[in-house]
Amino acid sequence: IKKMAVLTSGGDSPGMNAAIRSVVRACAFHNIECIGIYRGYEGMIDGDFISMDARSVKGIINKGGTILKSARSQEFRTKEGRIKAHNQLKKAGIDAFVVIGGDGSFTGAMVFNQEFGFPVMGIPGTIDNDIYGTTHTLGYDTALNTVVEVIDKIRDTASSHNRLFFIEVMGRDVGHIALNAGVGAGAEEILIPEEDLGLDRLLDSLRRSKQSGKSSSIVVVAEGDKIGKSVFELKDYVEENMSEYEVRVSVLGHMQRGGSPSCFDRVLASRMGVKAVESLLEGKSNYMVGLKNDVMDLTPFDQAVKGKSKINMELLRVSDIMTT
Ligand code: F6P
């Protein structure tokens with residue numbers, strides 16, 4: 001391998017820039033040429049490439065978003081799109097690529113590898129932490145810190161007015177952000193897709209909370225929660241059934257994806273970039289790098305994509321005990 005490319009794909013996450021920096025500098029360290037691909041697989045199809053050296057990634061380790069931009073490419077899902085992308089890579093003399101993204105991005109890389117035998121490596125970048133084969137995805141820790149900081153602020157106003165707040169957080173189909181940020185911010189209830197609390201139990205719990213003399217209540221709701229009601233419908237439901245509560249709703253939205261990455265995410269990104277580049281140089285391909293027991297590890301793409309990232313059940317129990 002003489003020339004490697006790096007791209008960011010799918011929803012951006014804090015730490016992607018730190019990972020780009022790491023890939024570029026690891027290439028420079030090993031005397032490999034490095035090419036940045038703009039706009040994910042869209043840019044690969046269009047040949048939107050830029051030559052990168054160690055200095056082109058200065059001052060980005062602390063920046064949110066991705067300097068290479070990101071996209072969710074529909075065309076790359078088609079065989080024609082992938083043939084165009086392959087031709088562009090060949091034309092530019094690129095021998096391998098590292099994709100920083102989530103499961104959709106890895107599925108794309110896996111299919112590409114099967115079709116063209118092209119060496120590929122993945123770095124998990126998503127705030128959702130929904131990828132099997134790593135305890136942490138890039139951006140997850142930062143998003144947790146952002147959410148906890150915001151809930152602390154909401155708690156100030158909630159207690160001043162003795163109000164109940166439903167706070168919706170991201171996470172797509174999983175409850176990692178909701179559960180961890182909920183425990184970290186001392187939420188009274190946490191609604192996640194992995195566990196159906198049920199509306200009756202929610203009302204019971206809120207009644208108990210009120211009776212125990214609490215001045216505010218925070219319920220964190222994962223966007224993928226299966227309780228069957230949106231946060232706005234939950235507000236109406238609780239107000240109809242419990243006159244003792246004045247309820248407000250806050251949907252945190254895309255602010256959870258922005259901001260300067262935490263130290264944890266910066267360090268993780270730096271480790272993952274080096275591992276990805278060096279694994280390709282060792283002749284490995286079709287893997288995602290991940291963190292397991294504080295060691296860098298490789299998981300085959302098909303397992304990373306199909307496997308389930310599991311919620312920590314112990315944390316659910318801790319959450320119940322904390323709301324006593
Ligand atoms: O996967 C990251 C994520 O932020 C999810 O938590 C959320 O469901 C989704 O992306 C939002 O996607 P978009 O930015 O396309 O609205």
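## What sits over helix 4

What covers the buried residues of helix 4? The cover includes helix 2 (40-46), helix 3 (79-91), strand 4 (96-101), strand 5 (120-124), strand 10 (287-292) and helix 10 (301-306). A contact here means two C-beta atoms, placed from the backbone, within 7 Å. Helices (H or I, at least four residues) and strands (E, at least two) are DSSP runs, numbered from the N terminus.

Keep in mind that this is a predicted model: local features need pLDDT of at least 70, side-chain atom pairs count only at pLDDT 80 or more, and totals for chains, interfaces and linings use all residues. Residues are numbered from 1 along each chain as its sequence is written.

Back on helix 4, the buried residues are Asp103, Ser105, Phe106, Gly108, Ala109, Met110 and Phe112. A residue is called buried if 20 or more other C-beta atoms lie within 10 Å of its own, exposed if 12 or fewer, and partly exposed in between, with C-beta atoms placed from the backbone. The 14 residues of this helix (103-116) should span 20 Å at 1.5 Å a residue, and the end C-alpha atoms are indeed 20 Å apart. That expected span is 1.5 Å times one less than the number of residues. Right after helix 4 comes Gly117, with a positive phi near 65°.

## Two nonpolar cores

The largest nonpolar core has 54 residues, and Val6, Ala19, Val23, Phe97 and Val98 are those with the most contacts inside it. Helix 1 (residues 16-29) gives the most to this core, 8 residues. A second, separate core has 34 residues, including Phe165, Ile177, Leu206 and Val221. By nonpolar core we mean a set of buried Ala, Val, Leu, Ile, Met, Phe, Trp, Tyr and Cys residues joined through C-beta atoms within 7 Å.

Take Val6 and look around: leaving out residues up to four places away in sequence, Val6 touches Ile20, Val23, Val24, Cys34, Gly36, Ile37, Phe97 and Val98. For a sense of scale, His161 is 155 residues from Val6 in sequence and 50 Å away in space, C-alpha to C-alpha. His161 lies in the loop between helix 5 and strand 6 (163-169), and it counts as exposed because 12 other C-beta atoms lie within 10 Å.

## Around the ligand

Which residues surround the ligand? They are Gly11, Gly102, Thr126, Ile127, Asp128, Met170, Gly171, Arg172, Glu223 and Arg257. To be listed, a residue needs its C-beta atom, placed from the backbone, within 6 Å of the molecule. The shell divides into 2 nonpolar, 4 polar and 4 charged residues. Here Ala, Val, Leu, Ile, Met, Phe, Trp, Tyr, Cys and Pro count as nonpolar, Asp, Glu, Lys and Arg as charged, and the others, Gly among them, as polar.

Asp128 is the one to click on, since UniProt places "active site" there in an unreviewed entry. UniProt positions are given in the numbering used here, feature names are shortened, and annotations may be inferred rather than shown by experiment. Asp128 sits in the loop between strand 5 and helix 5 (140-160), and it counts as buried because it has 27 C-beta neighbours inside 10 Å. Not counting residues up to four places away in sequence, Asp128 touches Met170, Gly171, Arg172, Val174 and His176.

## Loops with a positive phi

Most residues other than glycine have a negative phi. Lys69 has a positive value, near 65°. Lys69 is in the loop between strand 3 and helix 3 and is partly exposed, with 18 C-beta neighbours inside 10 Å. Asp294 also has a positive phi, near 60°. Asp294 lies in the loop between strand 10 and strand 11 (295-300) and is exposed, with 7 other C-beta atoms within 10 Å.

## Helix 9 and the annotated domain

Helix 9 (residues 263-281) has 19 residues and reaches 28 Å from its first C-alpha to its last, close to the expected 27 Å. Its buried residues include Leu268, Ala269, Met272, Val277 and Leu280, along with Asp265, Arg266 and Lys275. Gly283 follows helix 9, with a positive phi near 95°.

For "domain: Phosphofructokinase", UniProt lists residues 3-279 in an unreviewed entry. The end C-alpha atoms of residues 3-279 lie 14 Å apart, and the span is 43% helix and 17% strand.
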